[in-house]
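Trainee: Could you take me through one small stretch of this model up close? I'd like to hear which way the side chains face and what they touch.

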Amino acid sequence: MATLAVTRPLAVRRVGTWLGKIPYAVLAIYALVAGIGPLVVDYNPISTSLDDRLLRPGSHLSTGGTAWLGTDGLGRDVLAQVVYGARTSILIGIATVVVSCVVGVTIGTVAGYFRGWLDTFLARGIDILLAFPAILLTIVIAGAFERSVPVVVIALAATAWISFARVTRGVSLSLRERAWVDAARVLGVRRTSILLRHVVPFTIGPVVALATLEFALVVLAEAGLSFLGIGLPPSAVSWGQTIANGKQYLDSAWWISALPGIALSLLIVNIGILGDQLTARYGRGHLN
């Protein structure tokens with residue numbers, strides 16, 4: 001009985017460990033598709049073929065090829081749009097998270113370490129920005145300029161940096177009272193060196209965990225902007241655009257919106273699971 005009692009928890013832990021690796025495998029597949037897929041799949045988002053419009057998945061094209069995921073209302077291949085859309089979402093997500101991370105970590109670290117009027121000013125500024133709905137501010141910025149990838153990144157980063165600033169500010173407030181930071185100040189170490197060597201490295205764990213969650217939100221927000229027609233230009237492929245193009249054919253050509261929507265949902269869910277795992281691992285334990 002004792003052997004069975006010990007074996008069962010071990011089996012449960014092994015299953016849990018195996019299940020915990022699923023998000024990594026799924027995200028690796030997405031990264032592979034985004035990186036290599038456009039090199040394999042030839043696709044021009046502007047080119048149309050009315051002879052091949054609204055073909056069901058697996059149908060043969062007039063050019064002799066096969067539309068594995070069907071075609072849309074203009075005869076464009078849905079599989080190619082999913083592949084190119086993965087690259088667009090990942091690139092925009094990474095660019096937005098990097099910009100938000102740099103801005104947010106810088107502001108949060110400076111505010112938390114120096115405190116005083118600077119912390120008060122920055123903290124109140126963050127509170128004011130939080131009073132505005134993030135998606136509304138993003139829509140206003142994206143809609144005020146010509147549709148392009150840089151505008152989308154700036155519009156998304158305009159609100160995404162706030163979360164990084166709040167997290168790093170809290171960590172910095174705790175670290176500035178630690179013994180090694182006091183010792184560095186007593187020894188006359190410059191403030192810049194203290195921040196870079198004794199404060200910022202301890203924010204890496206929480207920032208990485210937060211970055212995964214923000215990445216999911218950014219990808220979803222980019223798809224939402226493209227769905228509304230104020231995100232990327234027509235020359236760029238986005239899951240949001242593909243879903244929007246198929247909304248008028250939901251009763252007859254469901255695959256146009258459903259398949260990119262499934263790809264988007266699968267990516268968001270797995271990033272969310274990975275973010276929860278990283279938060280549980282690095283959220284607080286790095287300071288203990």
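**The end of a helix and the loop after it**

Mentor: Let's start with I230, which counts as partly exposed because its relative accessibility is 22%; on this scale buried means under 20% relative accessible area, exposed means over 50%, and partly exposed is in between, using a 1.4 Å probe and protein chains only. Keep in mind that this is a predicted model, where local features need pLDDT of at least 70 and side-chain atom pairs count only at pLDDT 80 or more, while totals for chains, interfaces and linings use all residues. Residues are numbered from 1 along each chain as its sequence is written, and side-chain values use heavy atoms, with hydrogens and water left out.

I230 sits in the loop between α9 and α10 (239-245); helices here are DSSP runs of H or I with at least four residues, strands are E runs of at least two, and both are numbered from the N terminus. Setting aside residues up to four places away in sequence, I230 touches I139, A142, R147 and L225, where contact means heavy atoms within 4.5 Å. A253 is 23 residues from I230 along the chain, and their C-alpha atoms are 24 Å apart.

Now step back into helix α9 (residues 204-228), where you'll find S226. S226 is buried, since its relative accessible area is just 5%. Its side chain makes a polar contact with the side chain of S238, at 3.1 Å; that term covers a pair of N or O atoms within 3.5 Å, and within protein one must be able to donate a hydrogen and the other to accept it, with sequence-adjacent residues counting only if both atoms are side-chain atoms. Beyond neighbours within four places in sequence, S226 is in contact with G231, L232, S238, G240 and Q241.
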